[in-house]
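Notebook open, coffee at hand. Here is what I looked up today, entry by entry.

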Amino acid sequence: MYGRARSLDRLGELERSNSRLEQAIVTYRGVLDLADEDSNLVPLPLVRMAAENCIDRMIFRGFFGKAVRVQQRLLQRFPDDVKLRNKMGVTFLLMNQGSAAKEVFEAVLQQWPDDGFAQVHYGFILKNTYKNNSGGALYMLKGIESGAEGTDDGRFYFHLGDALQREGKVEEAYKIYDRAVAKGLFLGRYQRSLYNVDRLSSRPFWTPEQTTYQMFFRKLEENWEAIRDEGAALLTAPPQDGFRPEAENLRDVGDWKQYDLFTRGRKITANCVKAPRTCSLIENFPPAAVCKRGQVKFSVMHPGTHVHAHTGPTNCRLRAHLGLVVPDGLRLRVGNEFTTWQEGKIFIFDDSWEHEVWHEGDSPRLILIVDVWHPELTEHERKTLVPI
Ligand code: LMR
Ligand code: MN
């Protein structure tokens, strides 16, 4: 039965067939069921191989809940296998179940306090699920220092540095970032996006001409008042169908909301009907409308807001800001450079570079954010890159 499962598995790979893969999963499970019925029937190493392949394939297919159940069964037989436990923690993370994952890694660390893999993951969860920056940093640092397999991952350096920055330990954060740059995990100490095309040229700010999209940007500027009127009208819409608060834990203090028009290269029709002129300008310009690694949105920021230094996910887009309603007292830092908004004017920056915003004025700021494909991406890349 194990041989049959392996064959189905290989066939699934060769034929790129999910149904074959699912047959393989069922057959691996059959091996495990046999072992449960009569433990003499299946040698222990075979139970383990069947279970591990089964789990891998389930995760590949996105069947996380099923994978966890097999992992739990396997752990009953191998309770002291730290790798198995850690893998189960990762599956919970893939399921977005931070608290279940935390329990798993906590239990591992009780028994094996120096396990680096559990340390980085535990720290990651403390920081991201529980917003505990100091605890998160402590464990991620220990884990990274351990050099254990699976710890050399840009995500841990990214969040360790972020936790340190938020704790005010800026120099320590940059030491971590520089280490990650040396390992090739980041493009630069300020450019820490993790989904990159490596050859793309990069600078904090771009002129319209450098993007090659200057005609489009000029058109947006020419129409800025119509865009402003649509955005401003939406500000008074009822909250449930209006602007949503920023939800990525980027705000230090304040009130910052967004109204999406396009995301991941798709038009949000229900929102676009309320901003038809803005959306038709975008729709007529494919590098923005079909930018699968970006968004088009209105962004309103209220006085007293500070947005933590942060880095976007990818270097494949450039981000244009069109000032619509702009009081005094605003600043944007990108890398080591500062700018501010002006009504009716566009600037373009690369948000894979670290950036930070302060609103120290006394009335709300409204802008239109338009992401465009990085001009050096080929047509093929624009079509095939995974959306973000
Ligand atoms: C950002 O892209 O992080 C911000 O600059 C957006 C905004 O509304 O200022
Ligand atoms: Mn940003």
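**Entry 1: a helix pair.** In which helix do Lys-102 and Glu-106 lie, and how many residues apart are they? I found both of them in helix H6, which covers residues 98-111. They sit 4 residues apart, or about one turn of the helix. I then checked their side chains and found that they meet in a salt bridge, with an N to O distance of 3.4 Å. I should keep in mind that this is a predicted model. For the wider picture I looked up the total, and the count comes to 31 salt bridges.

**Entry 2: two domains.** Next I turned to how the chain is divided. Domain 1 runs over 2-182 and domain 2 over 205-384. I noted 36 Å between their C-alpha centres. Each side brings 6 residues to the contact: 6 from domain 1 and 6 from domain 2.

**Entry 3: what lies between them.** How much area is buried between domain 1 and domain 2? I have about 520 Å² written down, with carbon and sulfur atoms giving 37% of that area. On the domain 1 side, I picked out Lys-131, Phe-158 and Arg-166, which supply 71% of the area that this domain buries against domain 2. No other three residues supply more.

I also went looking for polar links. Between domain 1 and domain 2 I count 0 salt bridges, but 3 residue pairs are in polar contact there. Helix H9, residues 154-166, gives the largest share of the domain 1 side that touches domain 2, namely 4 residues. Sorting that side of domain 1 by class, I get 2 nonpolar, 1 polar and 3 charged residues.

**Entry 4: the ligand.** Which residues come closest to ligand 1? Of the 13 residues that surround ligand 1, the closest are Ser-299, His-310, Arg-319, His-355 and Arg-365. I followed up two of these by distance. The side chain of Ser-299 has an N or O atom 2.5 Å from an oxygen atom of ligand 1. For Arg-365, a side-chain N or O atom is 2.7 Å from a ligand 1 oxygen atom. I added Trp-256 to the page as well: one of its polar side-chain atoms lies 3.1 Å from an oxygen atom of ligand 1.

Terms used:
Residues numbered from 1 in each chain as written. Chains lettered and ligands numbered in written order. Predicted model: local features only at pLDDT ≥ 70, side-chain atom pairs only at ≥ 80, totals over all residues. Heavy atoms only, no water. Domains from an automatic or database assignment. Contact = heavy atoms within 4.5 Å. Buried area = accessible area lost by both parts, 1.4 Å probe. Salt bridge = Lys/Arg side-chain N within 4 Å of Asp/Glu carboxyl O. Polar contact = N/O pair within 3.5 Å; in protein donor to acceptor, adjacent residues only side chain to side chain. Helix = DSSP H or I, 4+ residues; strand = E, 2+ residues; numbered from the N terminus. Nonpolar A, V, L, I, M, F, W, Y, C, P; charged D, E, K, R; others polar. Near = heavy atom within 4 Å.
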